[in-house]
Amino acid sequence: LETIRRNADSCRTIIGSLLKLARPPKPERRRVDLRQLCRDAIDSAQPIATRAGVRISSGSHTSDVPIWAQADAGMLHQAVLNLTVNAIEAAGEGDEVSLGAYETQDGEAAAQAIEVRDTGAGIAPIHIEQVFQPFFTTKTTGTGLGLAVAENIIRSHGGRIEVESVVGAGTIFRI
């Protein structure tokens with residue numbers, strides 16, 4: 001019965017991701033503290049990181065000063081959590097994943113950014129262009145939907161995700 005329940009939960013998750021990808025809901029924007037959202041994502045991902053032997057932290061973005069944005073907190077949390085879990089899975093035992101929010105410039109305009117960084121193996125240059133494609137994965141587990149769903153959520157908010165990676169040194173996803 002436990003195996004059936006686990007498989008049913010897995011199917012429910014996959015179907016939910018497919019629906020979010022096919023028909024992303026419209027964000028219900030409210031004032032959200034991006035730093036608190038990152039702390040919540042760290043708390044949510046901590047058990048996964050612990051099992052993988054990966055350290056997870058706020059890194060250099062530790063501060064109690066809120067960074068406010070108009071966003072759908074639930075959707076944005078899902079996107080950041082997807083990026084964080086992906087980073088944990090890409091990292092090896094003893095590696096580190098850090099995430100945090102900060103204020104920056106986007107051209108002439110002030111902007112807010114969320115960064116998820118890992119010290120894992122990095123992404124091969126030939127795969128960088130594919131990482132947001134649905135069902136693309138280099139892992140032996142997973143559906144290849146997490147990054148595609150995250151990108152859809154960020155686009156629905158009028159934002160974008162950038163990725164930088166160095167093989168053997170790690171990866172940065174920046175919202």
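1. Start with strands 1 and 3. Strand 1 covers residues 30-33, and four bridges join it to strand 3. The two strands run antiparallel. To find one rung of this ladder, look at Asp33: its bridge partner in strand 3 is Trp68. Keep in mind throughout that this is a predicted model.

2. Stay with strand 3, residues 68-71, and check where its side chains point. They alternate along the strand. Ala69 and Ala71 point to one face and are buried. Trp68 and Gln70 point to the other face and are not buried. This fits a general pattern: in a regular strand the side chains alternate between the two faces of the sheet.

3. Now step back to the whole chain. The secondary structure comes to five helices and seven strands. Read from the N terminus, the elements run α-β-α-β-β-α-β-β-α-α-β-β. The radius of gyration is 16 Å, close to the 16 Å that the globule rule gives for 175 residues, so the chain is as compact as a globular protein of that length. The C-alpha trace spans about 50 × 35 × 30 Å along its principal axes.

4. Two percentages help describe the fold. Of the 175 residues in the protein chain, 39% count as buried. The other figure concerns contacts between residues at least 6 apart in sequence. Of these, 72% join residues at least 24 apart.

5. Next comes the five-stranded sheet. In what order do its strands lie? The order is 2-4-5-7-6. The sheet is open, and its pairing is mixed. Strand 2 (55-57) and strand 6 (162-166) stand at the edges. Each has a single partner strand, so one side of each is left without a neighbour in the sheet. From one strand to the next, the twist averages 20°.

6. Look inside that sheet at strands 4 and 5. Strand 4 takes residues 96-106 and strand 5 takes residues 109-118. They run antiparallel, joined by ten bridges. Val97 stands opposite Asp118 of strand 5. Helix 3 (residues 73-90) packs on the sheet and touches strand 2, strand 4, strand 5 and strand 7. The direction of helix 3 makes about 35° with that of strand 5.

7. Gly100 is a good residue to find in strand 4. Is Gly100 buried or exposed? Its relative accessible area is 2%, so Gly100 counts as buried. Compare its position with Thr141, which is 41 residues away along the chain. The C-alpha atoms of Gly100 and Thr141 are separated by 27 Å.

8. Helix 3 deserves its own check. It has 18 residues and reaches 25 Å from its first C-alpha to its last. That is close to the 26 Å expected at 1.5 Å a residue. Asp72 caps the N-terminal end of helix 3. A side-chain oxygen of Asp72 lies 3.2 Å from the backbone nitrogen of Gly74. The buried residues of helix 3 include Met75, Leu76, Ala79, Val80 and Ile88. Polar residues are listed there too, among them Asn82, Thr84 and Asn86.

9. Helix 5 (residues 146-156) is mostly covered. How many of its eleven residues are buried? The count is eight. Among them are Leu147, Val149, Glu151 and Ile153. After helix 5 comes Gly158, whose phi is positive, near 80°.

10. Finish with two arginines. Arg174 lies in strand 7, residues 170-174. Its relative accessible area is 17%; the cut-off for buried is under 20%, so Arg174 is buried. The side chains of Arg174 and Glu164 are joined by a polar contact of 2.9 Å. Beyond its neighbours within four places in sequence, Arg174 is in contact with residues including Tyr102, Ile114, Arg160 and Glu164.

11. Arg12 is the other arginine. It lies in helix 1, residues 2-22. At 56% relative accessibility, Arg12 counts as exposed. A polar contact of 2.7 Å joins its side chain to that of Asp9. Arg12 and Leu34 are 22 residues apart in sequence. In space they are 28 Å apart, C-alpha to C-alpha.

Note on methods: Residues numbered from 1 in each chain as written. Predicted model: local features only at pLDDT ≥ 70, side-chain atom pairs only at ≥ 80, totals over all residues. Heavy atoms only, no water. Buried < 20%, exposed > 50% of the residue type's maximum accessible area, 1.4 Å probe, protein only. Polar contact = N/O pair within 3.5 Å; in protein donor to acceptor, adjacent residues only side chain to side chain. Contact = heavy atoms within 4.5 Å. Pairing = 2+ DSSP bridges. Axes fitted to C-alpha atoms, helices over the stretch in contact; angles between N-to-C directions. Expected span 1.5 Å × (residues − 1). Rg over C-alpha atoms; globule rule 2.2 N^0.38 Å.
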